[in-house]
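Got the viewer open? Let's take a short walk through this one, a stop at a time.

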Amino acid sequence: MDFATLFQAFSDMTFVSFCQHMVNGISLGSLYALIAIGYTMVYGILLMINFAHADIVMMACYFAFFGIRIFQIPWFVTLIGVIVATAVLGVVIERCAYRPLRDAPKNSVLISAIGASFLLENFANYVFGGRPLRFPKISLLAQNISIGDVRTQFICLCIPVVLVVCLMVLLHIINHTKTGMAMRAVSKDYEIARVMGVDIDKIISITFVIGSSLAAIGAFMWGVRYPGITPYLGVMPGLKCFIAAVVGGIGNIKGAVIGGFILGLGEVLIVAFFPALSGYRDAFAFMVLSIILFYKPTGLLGEKTTEKV
Amino acid sequence: MDKKKNIIFTTVALIVLFGAACAAQFGLDAYLRRVANLCMIYAIIGLSLQIVNGFCGQFSLGQAGFMAIGAYVVGVFTVPVELREKVFYAVPMNPLIADIQMPVWLALIVGGLLAALVAFLIGFPVLRLHGDYLAIATLGFSEIIRIVITNAQSFTNGALGIKDIPPLNDARYIFVVCAITYIFVTALINSSYGRAFKAIREDEIAAEAMGIDLFKHKCMAFMFSAFFAGVGGGLYGALLGTVDPKNFLFTLTYNFVLIIVLGGMGSITGSMLGAILVTGGLEFLRVFDEPLEVFGMAIPLFRPGFRMVIFSILLMVCVLFWRKGIMGTEEFTWEKFKKFVKNPVGYWKGDEHHG
């Protein structure tokens, strides 16, 4: 690969195609951000990677598929149903796989999370089959629109708006309600929060409800945007979203959003500017991760922690 | 029992097992021999994961990537030169390596060394991390290795994979490698390095205060682990006769995580047992993938994919209810074996009493 071909795309890039890539990047980044919030919230409170989060996204896609395609429910009703079902799934996973290990060594919890993710994937593979299913077409969201010369789907414009709305609601819950205060307390100091009368189990369940609901919304829009659904659909985006959460500073919701945008935009723009590197698209996130962890191990917005003996 | 007797017993046991491997080579049918070989290969890789996860306490999930390196070295260098044009039909092989051919043993060692070198390079940024961060970072690098292999088409034939690797379905060969790995890892763990690894596992800060160079020891554990994963991966590629980037998805690592969890984190003999149970179990569970008819009635549960569901449920049950695994951090010793043979019932009772 010589440098001439590497930089070819630079000279070919016009303003319109740049805008086109920006639109794609922002919508992808917003999707990453929505899913990354789930990772960062669970990590903030339980100090564990919820590996199953990626598969919660996948299951939400299947729920939506079944609601719209099989049961013929209108899509906005289905969306609500999907959110409820996914939240229930998230809480069930927490009850069965994480709660019994609350006081276990961290590695056990990590293995349990991997196991839960593995189980969901295999379950989906068994029940729904490995063949990709097509996410039902929602004509309102999937219609093509053009602004000037930039052509895109309507959903690409909806995604950032939905993200902003979700983020505002979430920040309100966290900063201005009693539950949010309890969540902040638990993530600051688990033991003290318990001593001060916070119902830990309830707060953790609420965290899973919020994270899974956001994942469900993200999954629904993911399905509209990228319609092939398979049992392993969540794996790669899930990893990238976790990386987004780490890059932004884990435990920090705004950080997760920033991380999501960095990864989403970066991934799209790198392929746009250097088409020769398109095979390395999935490696980009991991490169960003190792660079960030090397220079700022707590992430962009993460608090500095000191290890206590 | 003194040390000398122990060594004699172990040597005798190894010779008996080698005899068993010879018998397997000639007595078993091809399918069972393949399962036995896979057991031994999984034992090697399980041991390699055990070094860094079980003994050093650093949760690495990069085994699939290191296996891929070993497997590809075997794949690239053992395919006979005259067959290469046929294998690399899309993009011709890079002239740098097109004429190099190695015997399998050399390719295994080169693969292991290359994996260790990559581990060294990865270790610099990664080993400063702890716990989950380390897990996700190693997992990420294992994916990067796979992506690089997929894209370096003139070296690795990319997504097409390499076929026509001279197959190595020889139980004796794989047994010898497995035995060497076992002896080496046992010696490593019982050396001062091994004790340093365990100290790091128990408490990093205390270990550092005692003068153990954390980074050096972690890096060493990581490199040894990568070396044996590379060797195991090479054997895996040679056993299959074909390598393909899709074989080395990071979900492959989960098999080895199950092996060491089932066998007991921090037990060498435990992970051997774990490897046999997991590999044998996965093969045995194949009946669940086939349609089953009882009295002419098809049971609807039995269809492809059911095996993996059961496998993952077993993994969860293990983690949730049987966290110590078969051996915990204990090892198999001849004394225990003797006690057990003399009084099997009393042994278990006494065992429970003590711990």
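Select chain B first: 44% of its 355 residues count as buried (20 or more other C-beta atoms within 10 Å of the residue's own, with C-beta atoms placed from the backbone). Before you click on, keep in mind that this is a predicted model, where local features need pLDDT of at least 70, side-chain atom pairs count only at pLDDT 80 or more, and totals for chains, interfaces and linings use all residues. Residues are numbered from 1 along each chain as its sequence is written, with chains lettered from A and ligands numbered from 1 in the order in which they are written.

Zoom out on chain B. Its C-alpha trace spans about 65 × 65 × 40 Å along the principal axes. Color by secondary structure and you'll find 16 helices and 2 strands (DSSP runs numbered from the N terminus: H or I of at least four residues for helices, E of at least two for strands).

Next, show chain A as well. Here 32 residues of chain B are in contact with 34 of chain A (C-beta atoms, placed from the backbone, within 7 Å). On the chain B side, select helix 6 (131-151), helix 12 (251-263) and helix 14 (306-321), the elements that give two or more residues each. Helix 6 of chain B gives the most, with 13 residues.

Last stop: helix 3 of chain A, where 15 of the 18 residues are buried. Just after this helix, click A:Q72, which takes a positive phi of about 55°.

Definitions and conventions. A residue is buried if 20 or more other C-beta atoms lie within 10 Å of its own, exposed if 12 or fewer, and partly exposed in between; C-beta atoms are placed from the backbone. Two residues are in contact if their C-beta atoms, placed from the backbone, lie within 7 Å.
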